[in-house]
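Subject: Structure handover

Hello,

Here is the structure I said I would pass on. Please look through it first; my notes on what was found follow below.

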Amino acid sequence: MSFQNEYDIIVVGAGHAGCEAASAAAKMGSNVLLITLDINRIAQMSCNPAVGGIAKGQIVREIDALGGMMGKITDQSTLQFRMLNRSKGPAMWSPRAQCDKIRFSEYWRIELQNNERVSFWQGSVVELIVDHDKVIGVITEIGIKFYSKAVILTNGTFLNGLLHFGQNRMKGGRISEPSSVGLTEQLINCGFVAGRMKTGTPPRLDRRTIDFEMLDEQVGEVGNKFSFYYRNETVLPQMNCHITYTNEAVHGELEKGFKDSPMFDGTITSLGPRYCPSIETKLVIFNEKNSHQLYLEPEGVDSIEYYLNGFSTSLPYEVQESAIKFIPGLEHAKIIRPGYAIEYDFFDPTKLLHTLESKILNNLYLAGQINGTTGYEEAGAQGLMAGINANLKIRELDSFVLLRNQAYVGVLIDDLVTKGVDEPYRMFTSRAEHRLILRQDNADERLSALGYSIGLLPEYLFNVYLKKSILVNTIFDQVANVSVKPEIVNDFLIANDSAPIRYKTKLYNIVSRPNICFKDILEKNTFLKGKLEPVPSEIFSEVIEAVEVRIKYAGYISRENSIADKIKRLESIKIENKFDYSTILSLSTEARQKLQKINPETIGQAGRIPGISPNDINVLLILLGR
């Protein structure tokens, strides 16, 4: 048998972006080669062993709704689940799961291995094979050439990665793993704009040396999952997280190491995450605070490692060790692995199309931290979209792009390719102007049909969504027509600080009250369940919650949909390559420069470029005769 070196798509890197890209492309029919430095570290949780969180949880549910795998893998490896921001409105609710990072990686590897269209190669890519501005393959560090119709780069933090441990530095993309060299230099020569970013990680502690009696326990919720489709996955033993705090003694020990900190002596000059600063940066920026909250998070059922969330640092090991001894509950804690900072290369994402294909080299896609983002969820979303679009392009089908009013994934990619990045990009609910209609609970309603239409979500899973959708619509209609008597609900209303009713009232009006929980009504008045369509127990909470949100926020949702529809019209007006902006003197100087640089695809995208005024948009519309 001859050596196979031709594939439909090559994915470089098997982190969270690479895994989603390979999985999506293969499920849609492409023969994929996944190249990774270490096949045993597929989808490695390099930092926090958790998935989801504020806005990130919405992204994971969107990945799942489209047919991606992050939600399923997370559910299989969950140690603790929590819904964040319950005290706020449903647009802010964000699921988060603490995971067993060993099983997370293992389940991802099994998922990919079970797809016969995915092949693997363990090694490093040092060069792209380019033919007349089109990428046709890659070359590995030992000179082996692989050819393909498209290449997806998901190199994470490995491009010229440099690790910092105090004054000690070593090349690497992650601790104990080599960095990747060669690609940055080639891409710069091709016209790409590269930059350097920084991230960090805290020390890992030995569970056996932690005094948990001194810590505040954080208990998770039971029964919730990320995936809309996979309901019968094996559940791991649940584990609690714990909370502790730094103090002035800890701060004093840390400050002793500032003179040797690469953050402060000029060694590290690259861009770091503003929203997730190192512990030494916190002491400088928030010098008025006497303490900072820390979370102790388990890394696995069978692991003794605990992640000290909130204590990211690149200070010398000796300083880390001495400071930790002053943290309540950690007086005798042993460090298994010290914290460190890492610098790595990224590329200006404004040089990408919304499909994540490069504007400079055809058939080359970039996804994940290579685009200046941070976080497993943001990476997974980009990988999914790159894998989808690479597959569609080689089959000569229309591209697949999500708009800002369709998904957080659409917001993420539009922000990257329109605005670029000046620090590691992280998704927040505040970035989504339509967040009320982009909730975590309705991701399947928004995206399942789209995933099915492109061939990523299989029919049997799409049918799972259809059954749930029918139930939600049926119960919503029934609630609008079922009436309840005062003697049935008044005790419940009074107990929940809501005014009693005097006459028979539609159940819809009761559920619409702010202090009333629909699920509680049904549990306290079980006879009402008999008036509604039966719901399977495994999705009961999900269906009832969907109905309640639709009732309580009906007016707001309707108004938001109306606004989104108006904005959507601008997204249909194509302007890419229609103008030489440098010659349109009626545009402002800043507008000419930025429009020429980014070459937006639509009027809508042009309007989101920083520095483009409404007057500039009007000029373009007039030139188009609109």
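The first item is a helix pair. In helix H12, Lys-468, Leu-471, Val-472, Asn-473, Ile-475, Phe-476 and Val-479 make contact with Glu-542, Val-543, Ile-544, Ala-546, Val-547, Arg-550 and Ile-551 of helix H16. Please keep in mind that this is a predicted model. H12 covers residues 459–481 and H16 covers residues 540–552; their axes are 9 Å apart and the packing angle is about 50°. Angles that are neither roughly parallel, roughly antiparallel nor roughly perpendicular count as oblique, and H12 and H16 are therefore oblique to each other. Their crossing is right-handed.

Next is helix H6, residues 248–255, whose buried residues are Val-250, His-251, Glu-253 and Leu-254. Viewed down the axis of H6, these buried residues fall within an arc of 160°, so they line one face of the helix. Helix H7 (279–285) and helix H8 (317–324) are included in what covers them. At the N-terminal end, H6 is capped by Asn-247, which has a side-chain oxygen 3.1 Å from the backbone nitrogen of Ala-249.

One of the buried residues of H6, His-251, is also touched by Ser-291, which has Tyr-245 and Thr-246 as further contacts, leaving aside residues up to four places away in sequence. Ser-291 sits in the loop between H7 and strand E16 (293–298). Its relative accessible area is 30%, so Ser-291 is partly exposed. From C-alpha to C-alpha, Ser-291 is 44 Å from Ile-188, and the two are 103 residues apart in sequence.

Helix H2 (residues 56–66) is mostly covered, with 11 of its 11 residues buried. Among them are charged or polar names such as Lys-56, Gln-58, Arg-61, Glu-62 and Asp-64, along with Ile-59, Val-60 and Leu-66. Gly-67, just after H2, takes a positive phi of about 115°.

Two further residues have a positive phi. Is Ser-176 buried or exposed? Ser-176 is exposed, with a relative accessible area of 55%. This serine has a positive phi of about 70° although it is not a glycine, and it lies in the loop between strand E11 (168–171) and helix H5 (183–189). Asn-599, also not a glycine, has a positive phi of about 50°. Asn-599 lies in the loop between helix H18 (589–598) and helix H19 (603–607). With a relative accessible area of 18%, under the 20% cut-off, Asn-599 is buried.

Regards

Key
Residues are numbered from 1 along each chain as its sequence is written. This is a predicted model: local features need pLDDT of at least 70, side-chain atom pairs count only at pLDDT 80 or more; totals for chains, interfaces and linings use all residues. Side-chain values use heavy atoms; hydrogens and water are left out. Buried means under 20% relative accessible area, exposed over 50%, partly exposed in between (1.4 Å probe, protein chains only). Helices (H or I, at least four residues) and strands (E, at least two) are DSSP runs, numbered from the N terminus. The arc is that of the directions from the helix axis to the C-beta atoms. Contact means heavy atoms within 4.5 Å. A polar contact is a pair of N or O atoms within 3.5 Å; within protein, one must be able to donate a hydrogen and the other to accept it, and residues adjacent in sequence count only if both atoms are side-chain atoms. Axes are lines fitted to C-alpha atoms, for helices over the stretch in contact, and angles run from 0 to 180 degrees between N-to-C directions. Angles under 35 degrees count as roughly parallel, over 145 as roughly antiparallel, 65 to 115 as roughly perpendicular and the rest as oblique. A crossing is left-handed if the near helix is turned anticlockwise from the far one by less than a right angle, and right-handed if clockwise.
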